[in-house]
Each structure stands twice: as structure tokens, then as C-alpha cells.
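This report describes the fold, the cores and some individual contacts of one protein chain. The sequence and the model are shown first.

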Amino acid sequence: MTRVYIGMGSNVGDRAGHLAYARDALAALPGTALAAMSRVIQTPPLGPVEQGDYLNAAAALDTELEPAALLDHLRRIERVRGRPPEEQRVKWGPRTLDLDILLYGDRVLTTQRLTVPHPHMHERRFVLEPLAEIGATAVHPVLHKEVGTLLKELEEKS
């Protein structure tokens, strides 16, 4: 089993309902157990597209799924909640549900479909705040810093 952290966000429709559905769907994945779930926080959107505030959270999973298989499951969960396929999305636009693999154990992976650790997680408070709540001592395998330290450094910059 590998400890994996998933970032979750929603700013369209029943935001809390989308996150609750995602939590339950993650817990039901094959070979996977939901180890922890952060509280939900409300954050302003990023990017040039006008849109409503997000609800964000993070989940810790213990899984036997390989990264690509886990990503396939995350995309299916997003589609069930109404998120369009990637080729139809607006970059940084509104979304019913967004699920991102933030950390996958201590693995570093770059493929056409997936980069782990998430390439921008250390720059985004809406990712680090809920992640630190459930995985403050998880180590970013590229930056070699704990999540709690990354959050503190980001807070000191702003």
C-alpha cells in the first residue's frame, strides 16, 4: 500500500455535495482505503476566468493502485459529477469537481498525462492548507521539505 494525497476542489453547483461524493467514491476504489479527510475550506478562484469561490479539501488514501490507474479512476469520478473531458475544458475555469494527485508516496513521475508530485502544489495555499491538516509531515520528494514547512514558507511570502 502506498500513501497518496488527493487535492479536491469544486466551484459549480452543489459544491459540498460534489466533494462528499468524491470522498465516498475515493473510499470505494479497489485496493484503496480512505485514511484521512481534511476539513473543507472556501477559497477565491485563480486565473483569468470570472467564476465563483471554490470549496477545497484533501484526502489521504492508502492504495494498491498504480498512478495511471488511480488517475483513470479520478477522471471517471469527475465525469460522473459533470466535469467535461479535458479537451472541452477552459484552463483554470469553473468546475464541478477537480481531483488531483498531489503526492504518491515518495515517487517522482512525469508522463504525458500525469506529473507527480503536483507541479504547483507548493505555490497554492488552497492546496497546502487542507493537505497540511492531514499530512503535515509528508515530504515533497523533489523539494525535500515537509508539507507543513511548505505551507509556512508560502504564508511568510504573502
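Buried residues account for 43% of the 158 residues in the chain of this predicted model. Among contacts with a separation of 6 or more, 66% join residues that lie 24 or more positions apart.

The chain holds four helices and nine strands. Read from the N terminus, the elements follow the order β-α-β-β-β-α-β-β-β-α-β-β-α. The radius of gyration is 15 Å, close to the 15 Å that the globule rule gives for 158 residues, so the chain is as compact as a globular protein of that length. Along the principal axes, the C-alpha atoms fill a box of roughly 40 × 35 × 30 Å.

**Nonpolar cores**

The largest nonpolar core has 23 residues, of which Ile-6, Met-8, Leu-26, Leu-70, Ile-77, Leu-99 and Ile-101 touch the most other members. Two or more residues of this core come from each of strand E1 (2–10), helix H1 (15–27), strand E4 (54–63), helix H2 (67–80) and strand E5 (98–104). Not counting residues up to four places away in sequence, Leu-70 is in contact with Val-4, Ile-6, Leu-29, Leu-61, Leu-65, Ile-101 and Tyr-104. A second core, separate from that one, consists of 16 residues, including Leu-103, Leu-128, Ala-132 and Leu-151.

**Helices H3 and H4**

The axes of H3 and helix H4 (residues 147–157) come within 9 Å of each other and cross at roughly 145 degrees. This crossing of H3 and H4 is left-handed. On the H3 side, the contact involves Arg-125, Leu-128, Glu-129, Leu-131, Ala-132 and Gly-135. H4 contributes Val-147, Leu-150, Leu-151, Leu-154 and Glu-155. Sorted by class, seven residues of the H3 and H4 contact are nonpolar, one is polar and three are charged. Leu-128, Ala-132 and Leu-151, which take part in this contact, are also among the members of the second core.

**Two buried loop residues**

His-118 sits in the loop between strand E7 (115–116) and helix H3 (125–135). The relative accessibility of His-118 is 14%, which is under the 20% cut-off, so His-118 counts as buried. Leaving out residues up to four places away in sequence, His-118 touches Asp-100, Ile-101, Leu-102 and Arg-124. One of these partners, Ile-101, belongs to the largest nonpolar core.

Arg-95 lies in the loop between H2 and E5. Arg-95 counts as buried because its relative accessibility is 13%.

For each of these two residues, the table gives a C-alpha to C-alpha distance to a residue elsewhere in the sequence.

| Pair | Separation in sequence | C-alpha to C-alpha distance |
|---|---|---|
| Arg-95 and Arg-15 | 80 residues | 9.4 Å |
| His-118 and Tyr-104 | 14 residues | 9.5 Å |

Tyr-104, paired with His-118 in the table, is also one of the residues that Leu-70 touches.

Notes:
Residues numbered from 1 in each chain as written. Predicted model: local features only at pLDDT ≥ 70, side-chain atom pairs only at ≥ 80, totals over all residues. Heavy atoms only, no water. Core = buried A, V, L, I, M, F, W, Y, C linked by side-chain atoms within 4.5 Å. Buried < 20%, exposed > 50% of the residue type's maximum accessible area, 1.4 Å probe, protein only. Contact = heavy atoms within 4.5 Å. Axes fitted to C-alpha atoms, helices over the stretch in contact; angles between N-to-C directions. Left-handed = near helix turned anticlockwise from the far one by under 90°. Nonpolar A, V, L, I, M, F, W, Y, C, P; charged D, E, K, R; others polar. Rg over C-alpha atoms; globule rule 2.2 N^0.38 Å.
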